[in-house]
Amino acid sequence: MTDTARWIEGVLHGSGAVQRRAIAKAITLLESTRPDHRREADALLNALLPHSGRSLRLGLSGVPGVGKSTFIEALGLYLIERGHRVAVLAVDPSSSVSGGSILGDKTRMEKLSVHERAYIRPSPSGGTLGGVAAKTREAMLVCEAAGYDIVIVETVGVGQSETAVADMTDLFCVLQLPNAGDDLQAIKKGIMELADLVVINKADLDPDAATRAQAQITSALRLLGLHGRPDTAHHDATVWHPRVLQVSALAGEGLAAFWQAVEEYRQLQTANGRLAARRQRQARAWMWERIDSGLREAFAQHPVVRERLPALTDAVLQGREVPSVAARTLLQAFLAPGADTPPA
Ligand code: GDP
(Lines give C-alpha, C1' and ligand atoms only; values in the text may rest on other atoms or scores of the structure.)
Protein backbone atom coordinates (compact mmCIF):
# COMPACT_ATOMS: atom_id res chain seq x y z
CA MET A 1 0.00 0.00 0.00
CA THR A 2 1.35 3.45 -0.91
CA ASP A 3 1.54 6.17 1.69
CA THR A 4 -1.28 8.06 -0.01
CA ALA A 5 -3.54 4.99 0.02
CA ARG A 6 -2.73 4.59 3.71
CA TRP A 7 -3.72 8.19 4.48
CA ILE A 8 -6.95 7.81 2.50
CA GLU A 9 -7.79 4.64 4.38
CA GLY A 10 -6.89 6.28 7.70
CA VAL A 11 -8.96 9.41 7.02
CA LEU A 12 -12.03 7.42 5.95
CA HIS A 13 -11.92 4.45 8.28
CA GLY A 14 -9.37 5.11 10.98
CA SER A 15 -10.31 6.15 14.48
CA GLY A 16 -8.62 7.97 17.33
CA ALA A 17 -4.91 8.60 16.97
CA VAL A 18 -4.69 6.64 13.70
CA GLN A 19 -7.25 8.90 12.03
CA ARG A 20 -5.74 12.10 13.43
CA ARG A 21 -2.35 11.13 12.09
CA ALA A 22 -3.82 10.30 8.68
CA ILE A 23 -5.61 13.67 8.57
CA ALA A 24 -2.42 15.52 9.51
CA LYS A 25 -0.40 13.62 6.90
CA ALA A 26 -3.05 14.18 4.23
CA ILE A 27 -3.16 17.93 4.88
CA THR A 28 0.64 18.16 4.92
CA LEU A 29 0.65 16.45 1.53
CA LEU A 30 -1.91 18.96 0.20
CA GLU A 31 0.21 21.84 1.43
CA SER A 32 3.34 20.61 -0.32
CA THR A 33 4.43 22.41 -3.48
CA ARG A 34 6.47 19.52 -4.92
CA PRO A 35 4.96 18.41 -8.25
CA ASP A 36 5.04 14.69 -7.36
CA HIS A 37 3.34 15.49 -4.03
CA ARG A 38 0.76 17.54 -5.91
CA ARG A 39 -0.12 14.54 -8.07
CA GLU A 40 -0.51 12.36 -5.00
CA ALA A 41 -2.55 15.08 -3.31
CA ASP A 42 -4.91 15.28 -6.28
CA ALA A 43 -5.42 11.51 -6.16
CA LEU A 44 -6.15 11.81 -2.46
CA LEU A 45 -8.68 14.59 -3.02
CA ASN A 46 -10.45 12.59 -5.73
CA ALA A 47 -10.74 9.63 -3.38
CA LEU A 48 -12.09 11.76 -0.53
CA LEU A 49 -14.48 13.97 -2.51
CA PRO A 50 -17.46 11.54 -2.48
CA HIS A 51 -17.24 11.51 1.33
CA SER A 52 -17.04 15.27 1.77
CA GLY A 53 -19.54 18.10 1.70
CA ARG A 54 -21.81 16.93 4.47
CA SER A 55 -20.61 19.33 7.15
CA LEU A 56 -21.81 22.75 8.12
CA ARG A 57 -19.07 25.21 7.18
CA LEU A 58 -18.94 28.15 9.52
CA GLY A 59 -16.73 31.18 8.80
CA LEU A 60 -15.68 33.32 11.73
CA SER A 61 -13.89 36.63 11.76
CA GLY A 62 -12.98 39.48 14.09
CA VAL A 63 -10.11 41.72 15.10
CA PRO A 64 -7.37 40.31 17.36
CA GLY A 65 -8.58 40.29 20.95
CA VAL A 66 -12.30 40.23 20.15
CA GLY A 67 -12.45 36.71 21.58
CA LYS A 68 -12.34 34.38 18.57
CA SER A 69 -10.41 31.58 20.23
CA THR A 70 -12.42 31.88 23.45
CA PHE A 71 -15.62 31.71 21.40
CA ILE A 72 -14.46 28.78 19.28
CA GLU A 73 -13.34 26.88 22.35
CA ALA A 74 -16.70 27.44 24.12
CA LEU A 75 -18.77 26.77 21.00
CA GLY A 76 -16.71 23.72 20.04
CA LEU A 77 -17.15 22.14 23.48
CA TYR A 78 -20.87 23.01 23.43
CA LEU A 79 -21.27 21.27 20.07
CA ILE A 80 -19.23 18.23 21.05
CA GLU A 81 -21.48 17.82 24.08
CA ARG A 82 -24.36 17.60 21.63
CA GLY A 83 -22.77 14.83 19.65
CA HIS A 84 -20.96 16.80 16.93
CA ARG A 85 -17.35 16.55 15.79
CA VAL A 86 -15.66 19.89 15.25
CA ALA A 87 -12.74 20.83 13.00
CA VAL A 88 -11.11 24.26 13.26
CA LEU A 89 -9.09 25.62 10.34
CA ALA A 90 -7.65 29.07 9.77
CA VAL A 91 -6.80 31.52 7.01
CA ASP A 92 -4.11 33.82 8.31
CA PRO A 93 -3.50 36.67 5.88
CA SER A 94 -0.13 37.45 7.47
CA SER A 95 1.09 33.87 7.07
CA SER A 96 1.77 34.47 3.40
CA VAL A 97 4.19 37.21 4.42
CA SER A 98 5.65 36.05 7.70
CA GLY A 99 5.38 32.31 7.19
CA GLY A 100 4.12 32.11 10.76
CA SER A 101 0.63 31.62 12.03
CA ILE A 102 -1.17 32.51 15.23
CA LEU A 103 -4.71 31.71 14.15
CA GLY A 104 -5.86 28.19 14.81
CA ASP A 105 -2.96 27.73 17.21
CA LYS A 106 -3.83 24.88 19.52
CA THR A 107 -2.51 26.61 22.59
CA ARG A 108 -5.26 29.19 22.18
CA MET A 109 -7.95 26.54 22.61
CA GLU A 110 -6.67 24.42 25.44
CA LYS A 111 -9.58 22.12 26.13
CA LEU A 112 -10.83 21.81 22.58
CA SER A 113 -7.40 21.00 21.17
CA VAL A 114 -6.98 17.92 23.35
CA HIS A 115 -10.53 16.70 22.83
CA GLU A 116 -10.74 13.54 20.76
CA ARG A 117 -13.80 14.85 18.88
CA ALA A 118 -12.03 18.03 17.76
CA TYR A 119 -9.33 18.65 15.16
CA ILE A 120 -7.46 21.97 15.06
CA ARG A 121 -5.08 22.97 12.31
CA PRO A 122 -3.32 26.34 11.98
CA SER A 123 -3.26 28.31 8.75
CA PRO A 124 -1.12 27.02 5.91
CA SER A 125 1.79 29.37 5.40
CA GLY A 126 3.54 30.83 2.41
CA GLY A 127 2.21 31.81 -0.97
CA THR A 128 -0.54 34.23 -1.87
CA LEU A 129 -3.80 34.64 0.01
CA GLY A 130 -5.46 32.76 -2.86
CA GLY A 131 -3.00 29.90 -2.36
CA VAL A 132 -3.52 29.83 1.41
CA ALA A 133 -7.31 29.85 0.91
CA ALA A 134 -7.14 27.06 -1.69
CA LYS A 135 -5.16 24.85 0.70
CA THR A 136 -7.63 25.55 3.48
CA ARG A 137 -10.52 24.53 1.22
CA GLU A 138 -8.78 21.27 0.45
CA ALA A 139 -8.07 20.67 4.14
CA MET A 140 -11.78 21.21 4.76
CA LEU A 141 -12.62 18.36 2.39
CA VAL A 142 -10.24 16.07 4.31
CA CYS A 143 -11.88 16.95 7.64
CA GLU A 144 -15.34 16.38 6.19
CA ALA A 145 -14.36 13.01 4.75
CA ALA A 146 -13.07 12.09 8.21
CA GLY A 147 -16.55 12.72 9.63
CA TYR A 148 -16.22 16.17 11.15
CA ASP A 149 -19.72 17.56 10.72
CA ILE A 150 -18.92 21.11 11.81
CA VAL A 151 -15.98 22.90 10.20
CA ILE A 152 -15.09 26.32 11.59
CA VAL A 153 -12.79 28.48 9.48
CA GLU A 154 -11.29 31.38 11.38
CA THR A 155 -9.69 34.56 10.08
CA VAL A 156 -8.83 38.05 11.30
CA GLY A 157 -10.68 41.23 10.51
CA VAL A 158 -9.05 42.49 7.34
CA GLY A 159 -10.97 42.73 4.08
CA GLN A 160 -9.51 40.25 1.66
CA SER A 161 -9.09 37.28 3.93
CA GLU A 162 -12.65 37.75 5.18
CA THR A 163 -13.95 37.60 1.64
CA ALA A 164 -11.87 34.46 1.07
CA VAL A 165 -13.37 32.79 4.15
CA ALA A 166 -16.94 33.92 3.37
CA ASP A 167 -16.36 32.38 -0.07
CA MET A 168 -15.59 28.96 1.35
CA THR A 169 -18.22 28.69 4.07
CA ASP A 170 -22.00 28.25 4.32
CA LEU A 171 -22.43 30.97 6.89
CA PHE A 172 -20.14 33.88 7.72
CA CYS A 173 -20.11 35.31 11.21
CA VAL A 174 -18.40 38.50 12.38
CA LEU A 175 -17.45 38.98 16.02
CA GLN A 176 -17.61 42.52 17.39
CA LEU A 177 -16.83 44.22 20.69
CA PRO A 178 -19.56 45.90 22.77
CA ASN A 179 -18.31 49.34 21.73
CA ALA A 180 -18.64 48.46 18.03
CA GLY A 181 -21.65 50.74 17.68
CA ASP A 182 -19.43 53.76 18.38
CA ASP A 183 -17.65 53.33 15.09
CA LEU A 184 -20.38 52.30 12.70
CA GLN A 185 -18.70 54.01 9.79
CA ALA A 186 -15.81 51.57 9.97
CA ILE A 187 -18.19 48.68 10.20
CA LYS A 188 -20.38 49.77 7.32
CA LYS A 189 -17.43 50.33 5.04
CA GLY A 190 -16.02 47.02 6.06
CA ILE A 191 -17.40 43.60 5.94
CA MET A 192 -20.99 43.85 7.11
CA GLU A 193 -22.07 43.00 3.60
CA LEU A 194 -20.53 39.58 4.10
CA ALA A 195 -22.00 38.80 7.51
CA ASP A 196 -24.89 36.39 7.93
CA LEU A 197 -24.56 36.73 11.68
CA VAL A 198 -22.97 39.46 13.79
CA VAL A 199 -22.02 38.48 17.31
CA ILE A 200 -21.32 41.07 19.97
CA ASN A 201 -18.90 39.25 22.26
CA LYS A 202 -17.88 40.24 25.82
CA ALA A 203 -21.44 41.39 26.49
CA ASP A 204 -20.66 40.74 30.17
CA LEU A 205 -18.15 43.59 30.25
CA ASP A 206 -20.70 46.28 29.44
CA PRO A 207 -24.26 44.99 28.94
CA ASP A 208 -25.64 48.45 28.12
CA ALA A 209 -23.03 49.07 25.44
CA ALA A 210 -23.63 45.61 24.01
CA THR A 211 -27.36 46.25 23.74
CA ARG A 212 -26.70 49.63 22.16
CA ALA A 213 -24.29 48.08 19.67
CA GLN A 214 -26.80 45.37 18.85
CA ALA A 215 -29.47 47.97 18.04
CA GLN A 216 -27.08 50.15 16.04
CA ILE A 217 -25.68 47.33 13.96
CA THR A 218 -29.16 45.96 13.38
CA SER A 219 -30.30 49.30 11.97
CA ALA A 220 -27.09 49.65 9.94
CA LEU A 221 -27.83 46.25 8.37
CA ARG A 222 -31.37 47.43 7.60
CA LEU A 223 -29.97 50.50 5.88
CA LEU A 224 -27.80 48.24 3.78
CA GLY A 225 -31.01 46.51 2.82
CA LEU A 226 -29.76 43.30 4.30
CA HIS A 227 -32.10 43.17 7.23
CA GLY A 228 -35.71 43.34 6.08
CA ARG A 229 -37.97 44.41 8.91
CA PRO A 230 -40.15 41.54 10.09
CA ASP A 231 -43.11 43.94 10.36
CA THR A 232 -43.09 45.27 6.81
CA ALA A 233 -44.52 44.03 3.56
CA HIS A 234 -40.99 43.89 2.09
CA HIS A 235 -39.97 41.20 4.48
CA ASP A 236 -39.44 37.88 2.79
CA ALA A 237 -39.65 35.16 5.42
CA THR A 238 -38.34 32.50 3.05
CA VAL A 239 -34.83 34.00 2.91
CA TRP A 240 -32.34 34.65 5.69
CA HIS A 241 -31.84 38.18 6.96
CA PRO A 242 -28.60 38.82 8.87
CA ARG A 243 -29.05 38.88 12.64
CA VAL A 244 -27.16 40.47 15.50
CA LEU A 245 -26.71 38.53 18.75
CA GLN A 246 -24.98 39.07 22.08
CA VAL A 247 -22.77 36.48 23.71
CA SER A 248 -20.18 36.14 26.40
CA ALA A 249 -17.72 33.55 25.18
CA LEU A 250 -15.84 33.61 28.49
CA ALA A 251 -18.96 32.83 30.52
CA GLY A 252 -20.38 30.55 27.85
CA GLU A 253 -23.53 32.69 27.66
CA GLY A 254 -25.56 33.03 24.49
CA LEU A 255 -24.14 29.94 22.81
CA ALA A 256 -27.49 28.14 22.66
CA ALA A 257 -29.14 31.16 21.01
CA PHE A 258 -26.20 31.42 18.62
CA TRP A 259 -26.48 27.79 17.59
CA GLN A 260 -30.24 28.06 17.26
CA ALA A 261 -29.73 30.94 14.80
CA VAL A 262 -27.21 28.86 12.84
CA GLU A 263 -29.67 25.97 12.65
CA GLU A 264 -32.46 28.29 11.50
CA TYR A 265 -30.15 29.69 8.84
CA ARG A 266 -29.29 26.23 7.66
CA GLN A 267 -32.93 25.10 7.48
CA LEU A 268 -34.16 28.21 5.72
CA GLN A 269 -31.34 28.43 3.20
CA THR A 270 -31.54 24.70 2.48
CA ALA A 271 -35.30 24.89 1.89
CA ASN A 272 -35.04 27.89 -0.46
CA GLY A 273 -32.06 26.43 -2.36
CA ARG A 274 -29.65 29.24 -1.49
CA LEU A 275 -27.20 27.08 0.41
CA ALA A 276 -26.77 24.71 -2.54
CA ALA A 277 -26.46 27.70 -4.89
CA ARG A 278 -23.84 29.29 -2.62
CA ARG A 279 -21.76 26.12 -2.65
CA GLN A 280 -22.00 25.87 -6.42
CA ARG A 281 -20.95 29.49 -6.80
CA GLN A 282 -18.02 28.85 -4.47
CA ALA A 283 -16.95 25.70 -6.34
CA ARG A 284 -16.96 27.54 -9.66
CA ALA A 285 -15.06 30.52 -8.21
CA TRP A 286 -12.53 28.19 -6.56
CA MET A 287 -11.87 26.46 -9.86
CA TRP A 288 -11.43 29.75 -11.72
CA GLU A 289 -9.24 31.22 -9.01
CA ARG A 290 -6.91 28.23 -9.42
CA ILE A 291 -7.04 28.50 -13.22
CA ASP A 292 -6.14 32.20 -13.02
CA SER A 293 -3.35 31.49 -10.60
CA GLY A 294 -1.99 28.59 -12.69
CA LEU A 295 -2.07 30.66 -15.87
CA ARG A 296 -0.25 33.56 -14.22
CA GLU A 297 2.40 31.20 -12.95
CA ALA A 298 2.85 29.52 -16.35
CA PHE A 299 2.97 32.96 -17.98
CA ALA A 300 5.61 34.24 -15.58
CA GLN A 301 7.74 31.14 -16.16
CA HIS A 302 7.40 31.07 -19.95
CA PRO A 303 10.92 31.47 -21.44
CA VAL A 304 9.99 34.08 -24.07
CA VAL A 305 7.93 36.04 -21.57
CA ARG A 306 10.78 35.96 -19.09
CA GLU A 307 13.18 37.15 -21.73
CA ARG A 308 11.06 40.04 -22.97
CA LEU A 309 9.25 41.13 -19.82
CA PRO A 310 11.99 43.30 -18.24
CA ALA A 311 12.59 45.43 -21.36
CA LEU A 312 8.88 45.75 -22.09
CA THR A 313 8.17 46.75 -18.50
CA ASP A 314 10.88 49.43 -18.73
CA ALA A 315 9.36 50.69 -21.96
CA VAL A 316 5.92 50.88 -20.36
CA LEU A 317 7.29 52.72 -17.31
CA GLN A 318 9.10 55.23 -19.50
CA GLY A 319 6.05 55.82 -21.66
CA ARG A 320 7.62 54.36 -24.78
CA GLU A 321 5.12 51.53 -25.03
CA VAL A 322 1.36 51.45 -24.45
CA PRO A 323 0.65 49.03 -21.55
CA SER A 324 -2.12 47.23 -23.41
CA VAL A 325 0.08 46.78 -26.48
CA ALA A 326 2.92 45.41 -24.36
CA ALA A 327 0.47 43.01 -22.71
CA ARG A 328 -0.74 41.79 -26.10
CA THR A 329 2.81 41.29 -27.33
CA LEU A 330 3.62 39.15 -24.30
CA LEU A 331 0.37 37.19 -24.48
CA GLN A 332 0.95 36.46 -28.15
CA ALA A 333 4.43 35.17 -27.33
CA PHE A 334 2.95 33.06 -24.54
CA LEU A 335 0.15 31.63 -26.67
CA ALA A 336 2.07 31.14 -29.93
CA PRO A 337 2.38 27.44 -30.76
CA GLY A 338 5.90 26.17 -30.24
CA ALA A 339 6.96 29.42 -28.66
CA ASP A 340 7.99 27.84 -25.40
CA THR A 341 11.62 27.78 -26.41
CA PRO A 342 13.40 31.12 -26.73
CA PRO A 343 14.69 32.03 -30.19
CA ALA A 344 18.28 30.90 -30.72
P1 GDP B 1 -8.82 36.48 19.75
O2 GDP B 1 -7.53 37.21 19.57
O3 GDP B 1 -9.91 37.07 18.92
O4 GDP B 1 -8.70 35.00 19.55
O5 GDP B 1 -9.27 36.72 21.28
P6 GDP B 1 -9.10 35.77 22.55
O7 GDP B 1 -10.11 34.67 22.51
O8 GDP B 1 -7.69 35.41 22.72
O9 GDP B 1 -9.57 36.76 23.71
C10 GDP B 1 -8.87 37.92 24.04
C11 GDP B 1 -9.11 38.24 25.51
O12 GDP B 1 -10.50 38.53 25.72
C13 GDP B 1 -8.76 37.09 26.44
O14 GDP B 1 -8.14 37.61 27.58
C15 GDP B 1 -10.11 36.49 26.78
O16 GDP B 1 -10.13 35.87 28.04
C17 GDP B 1 -11.01 37.70 26.75
N18 GDP B 1 -12.41 37.37 26.42
C19 GDP B 1 -12.84 36.60 25.39
N20 GDP B 1 -14.19 36.50 25.42
C21 GDP B 1 -14.62 37.20 26.48
C22 GDP B 1 -15.91 37.48 27.03
O23 GDP B 1 -16.95 37.04 26.55
N24 GDP B 1 -15.94 38.28 28.14
C25 GDP B 1 -14.82 38.79 28.71
N26 GDP B 1 -14.95 39.54 29.77
N27 GDP B 1 -13.59 38.55 28.21
C28 GDP B 1 -13.48 37.77 27.11
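**Note on the ligand site, the cavity and the largest pocket**

1. An oxygen atom of the ligand is found 2.8 Å from a polar backbone atom of Lys-68, and this is a convenient place for a new reader to begin, with the caution that the model is a predicted one. A backbone N or O atom of Val-66 also lies 3.4 Å from an oxygen atom of the ligand, while in Lys-202 a polar atom of the side chain lies 2.8 Å from a ligand oxygen atom. With the protein in place, 73% of the 580 Å² of accessible area that the ligand has on its own is covered.

2. The surroundings of the ligand comprise 16 residues, of which Gly-65, Lys-68, Thr-70, Arg-108 and Asp-204 come nearest. Sorted by class, the shell around the ligand holds six nonpolar residues, six polar ones and four charged ones.

3. Turning to enclosed space, a search of the whole structure yields one cavity of 30 Å³ or more, and the volume of the largest cavity is about 40 Å³. Its lining is made up of Glu-31, Leu-89, Ala-90, Arg-121, Pro-122, Pro-124, Lys-135, Thr-136 and Ala-139. Strand 2 (86–91) and helix 7 (129–145) are the elements that give two or more residues to this lining, and helix 7 gives the most, with three residues. The classes in the lining of the largest cavity are five nonpolar, one polar and three charged residues.

4. Open space is described separately, and here the largest pocket contains about 1100 Å³. The pocket is lined by 38 residues, and Arg-38, Ala-134, Glu-138, Trp-286 and Arg-290 are the closest to its centre. By class, the lining of the largest pocket divides into 12 nonpolar, 13 polar and 13 charged residues.

5. Which elements each supply at least two residues of the lining of the largest pocket? They are helix 2 (16–31), helix 3 (35–48), helix 7 and helix 12 (274–301), and among the contributors helix 12 gives the most, with 11 residues. Helix 7 therefore deserves attention in both places, since helix 7 is named for the lining of the largest pocket and also gives the most to the lining of the largest cavity, where elements are runs assigned by DSSP.

6. A final point concerns confidence, which should be kept in mind when any of the above is read. The mean pLDDT of the chain is 88, and 88% of its residues reach 70 or more. Within the chain, confidence is lowest in helix 5 (residues 95–98), where the mean is 53, and highest in helix 11 (residues 255–271), where the mean is 97.

Terms used:
Residues are numbered from 1 along each chain as its sequence is written. This is a predicted model: local features need pLDDT of at least 70, side-chain atom pairs count only at pLDDT 80 or more; totals for chains, interfaces and linings use all residues. Side-chain values use heavy atoms; hydrogens and water are left out. A residue is near a molecule or strand if one of its heavy atoms lies within 4 Å of it. A polar contact is a pair of N or O atoms within 3.5 Å; within protein, one must be able to donate a hydrogen and the other to accept it, and residues adjacent in sequence count only if both atoms are side-chain atoms. Accessible areas come from the Shrake-Rupley method with a 1.4 Å probe; for residues, only the protein chains shown count as cover. Ala, Val, Leu, Ile, Met, Phe, Trp, Tyr, Cys and Pro count as nonpolar, Asp, Glu, Lys and Arg as charged, and the others, Gly among them, as polar. On a 1 Å grid over the protein atoms alone, a cavity is a set of points where a 1.4 Å probe fits but cannot get out, and a pocket is an open set with protein on both sides within 12 Å along at least five of seven lines; lining residues have an atom within 4 Å of a point. Grid points are joined across faces, edges and corners, and a volume is the space filled by probe spheres set on the points. Helices (H or I, at least four residues) and strands (E, at least two) are DSSP runs, numbered from the N terminus. pLDDT is the predictor's confidence in each residue, from 0 to 100.
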